[in-house]
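Colleague: I should like to go through this protein with you before I return to the bench. May I put a series of questions about its fold to you?

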Amino acid sequence: MPLALRTTAHSEVGPVRKNNQDSGYASAHLLLVADGMGGAAAGDLASSVAVTQLRALDEELSAEEDRPTGEELLDRLTARVHEANELLADLTADEPRLDGMGTTVTAAAFDGQEFAVVHIGDSRMYRLREGSFARVTHDHSWVQSLVDEGRLTTEQAATHPHRSLLLRVLNGAPNNDPDIGLIDVAAGDRVLLCSDGLCGLVDDVDLARMVAVPDRQESLRRLVAAAHAAGGSDNITIVLADVVDEDEPIESEPITVGAATTTTIPHVSERTQELPIDPAELAAVLVDAEGNPVPEDVASQARALEVHSQDIEVSAVPVATATFAPPATTEDEDARYAPRPEPPPARRALGVLVSVAIALAVIAAASIGTWAVWRNSYFVGAENGQVAIYRGFNANLGSWHLNKLVEAEPVPVADLSPRFQEQVNDTFTVESLQDAHASVAELAQNAEHCRAVRAAADEAAAAATEESRRLAEEEAKRQAEQASASPSAEPTPVAAPIQVVPDYGDC
Ligand code: MG
């Protein structure tokens, strides 16, 4: 008899983190958890890209007359995960600040008989069947690789200081392939998908006990409570699904949770598309077809092309790219083609005098109060790459600055977490100079914390990369010895060393 799913999903920031970079999705045919990384905004975006892409696939499949099953479903799911990876690459190419973003993906598409599972990273899928609780996915983490080699126990891995280091995530890199496979299910099974905010803190024995609670909502509640009780140091995302006979009524609507509910995915710039003209035409043409200098904004857009067009030095705009110039607005066009008659000179002079007199009166009346407000207004921003406190209004009047630098603090903006960098670069208003000092003190703490986190993550990633290189060399050497001992044996390909990406967390 065909089977169906009843699902529940939950995602939360957790009691410690400041924002939720996890996303999740659950429908009658697709379960998904994505744990984003790369700092605020970037991590949110990465997990949202995964959810948005796979949710779109789920909707597409629901509209198809003959839903794919088995291997065909697995192929469709895998292809869409690769498309999500390409979108991450395009977004990063468009916005350098997103460099380093990535996401885990654990996705299970259901065809009524089995799950097609695509998995990369350290989010997990478990299956509970008749009292037996088993992990379906294999973590792509540094500590898991040490467990696989027998150099760490599972218990040691659970508390290892570098347990969050990942060897593979979806981050736009072309060769980070996910694990794929088909998992059979039966009526009565329950499956759990979760981010490491749960399974990184609560061991499998406790998870099994809570997943076995018959009421699905109560089971979910206990899982969340267990993650909190274990410190709640990370975002927590959980998808639970019961496998039931299809003739039982199914009431669940698709659910999206976490960052994907609020994150907007930017449009990828056309710069990443194929160039519409022959690169040979991108010669140094500094003037347009009529011999006029190319406007700077058009030239800069053309120069941006070189970011994505290797081997091409774009130093100016070719005639063929004149369409990069922003089109004239309708108003501009009206003004150009329907000029209004000029007023007579005398009337025009009188009008100017009256306008100036009114403006001066308004300015004089307003300036007394404005000066007092100006003196007591402060905001925090950046000055030459350092956090700075300004007095006055956060605006300029033409070339006049309506503010004055009060203090430049010894806190480099680049050392802050991405979220605080964004706040400082955008500037934020404070109530008083005292508040400004308090904010700067908080920023200094954040900078110190992030410097330490980044240094530790870089060191751990370098160690992991070095260890991977050493293991690859050892394996190559072992195979060479084996080959010389038995030349007729079929050689096994040696895995390439892995370049480990440091995980900066919120930093
Ligand atoms: Mg996490």
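Modeller: Let us fix one term at the outset: a contact means heavy atoms within 4.5 Å. Please bear in mind that this is a predicted model.

Colleague: Which residues is Ser439 in contact with, leaving aside its neighbours within four places in sequence?

Modeller: Ser439 has its place in helix H12, which covers residues 433-485. Along the chain, Ser439 and Phe428 are eleven residues apart, and their C-alpha atoms are separated by 9.9 Å. With neighbours within four places in sequence left aside, the contacts of Ser439 are Phe428 and Val430.

Colleague: Is Ser439 buried or exposed?

Modeller: A residue counts as buried under 20% relative accessible area and as exposed over 50%. The relative accessible area of Ser439 is 16%, so Ser439 is buried.

Colleague: What is the order of the strands in the open sheet of four strands?

Modeller: The pairing in this sheet is antiparallel. Strand S15 (400-412) and strand S16 (428-430) are its edge strands, each pairing on one side only. On average, neighbouring strands are turned by 40 degrees against each other, direction ignored. The order is S15-S14-S13-S16.

Colleague: Which residue in S16 is the bridge partner of Val380?

Modeller: Strand S13 (residues 378-383) and S16 pair in the antiparallel sense, over three bridges. Within S16, the partner of Val380 is Phe428.

Colleague: Which strands of that sheet does H12 touch?

Modeller: Helix H11 (residues 418-426) packs on the sheet and touches S13, strand S14 (386-397) and S16, its direction making about 110 degrees with that of S13. H12 packs on the sheet as well, and its direction makes about 40 degrees with that of S15. The strands touched by H12 are S13, S14, S15 and S16.

Colleague: Turning to the sheet of five strands, which are its edge strands?

Modeller: This open sheet has antiparallel pairing and the order S1-S11-S10-S7-S8. Its neighbouring strands are turned by 15 degrees against each other on average, direction ignored. The edge strands, each of which pairs on one side only, are strand S1 (3-12) and strand S8 (132-135).

Colleague: What is the bridge partner of Glu12 in S11?

Modeller: S1 pairs with strand S11 (residues 236-245) in the antiparallel sense, and ten bridges join the two. In S11, Glu12 has as its partner Ile236.

Colleague: Which residue takes a positive phi in the hairpin of S7 and S8?

Modeller: S7 and S8 pair in the antiparallel sense over four bridges, and Arg127 has Ala134 as its bridge partner in S8. Two residues lie between the strands of this hairpin. The residue with a positive phi, near 50 degrees, is Glu130.

Colleague: How are H6 and H7 oriented to each other, roughly parallel or roughly antiparallel?

Modeller: Helix H6 (residues 204-211) packs against helix H7 (residues 216-229) at an angle of about 150 degrees, with the axes 8 Å apart. Angles over 145 degrees count as roughly antiparallel. The two helices, H6 and H7, are therefore roughly antiparallel.

Colleague: Which residues in H7 do Leu207, Met210 and Val211 meet?

Modeller: H6 lies across strand S7 (124-129), S8, strand S10 (190-194) and S11, whereas H7 lies across S1, S10 and S11. Leu207, Met210 and Val211 belong to H6, and their counterparts in H7 are Ser219, Arg222, Leu223 and Ala226. The residues of this contact divide into five nonpolar, one polar and one charged.

Colleague: Your answer should close on the names; which are they in H7?

Modeller: The residues of H6 in question are Leu207, Met210 and Val211. Those they meet in H7 are Ser219, Arg222, Leu223 and Ala226.

Colleague: How many of the residues of strand S2 are buried?

Modeller: Strand S2 comprises residues 22-26 and is mostly covered. On one side Asp22, Gly24 and Ala26 are buried, and on the other Ser23 and Tyr25 are buried. The number buried is five of five.

Colleague: What is the bridge partner of Tyr25 in S12?

Modeller: S2 forms a hairpin with S3, with three residues between the strands, and Tyr25 stands opposite Leu32 in S3. S2 also pairs with strand S12 (residues 255-258) in the antiparallel sense, over four bridges. In S12, the partner of Tyr25 is Thr256.

Technical notes: Residues are numbered from 1 along each chain as its sequence is written. This is a predicted model: local features need pLDDT of at least 70, side-chain atom pairs count only at pLDDT 80 or more; totals for chains, interfaces and linings use all residues. Side-chain values use heavy atoms; hydrogens and water are left out. Axes are lines fitted to C-alpha atoms, for helices over the stretch in contact, and angles run from 0 to 180 degrees between N-to-C directions. Angles under 35 degrees count as roughly parallel, over 145 as roughly antiparallel, 65 to 115 as roughly perpendicular and the rest as oblique. Ala, Val, Leu, Ile, Met, Phe, Trp, Tyr, Cys and Pro count as nonpolar, Asp, Glu, Lys and Arg as charged, and the others, Gly among them, as polar. Two strands pair if DSSP finds at least two bridges between them. Buried means under 20% relative accessible area, exposed over 50%, partly exposed in between (1.4 Å probe, protein chains only).
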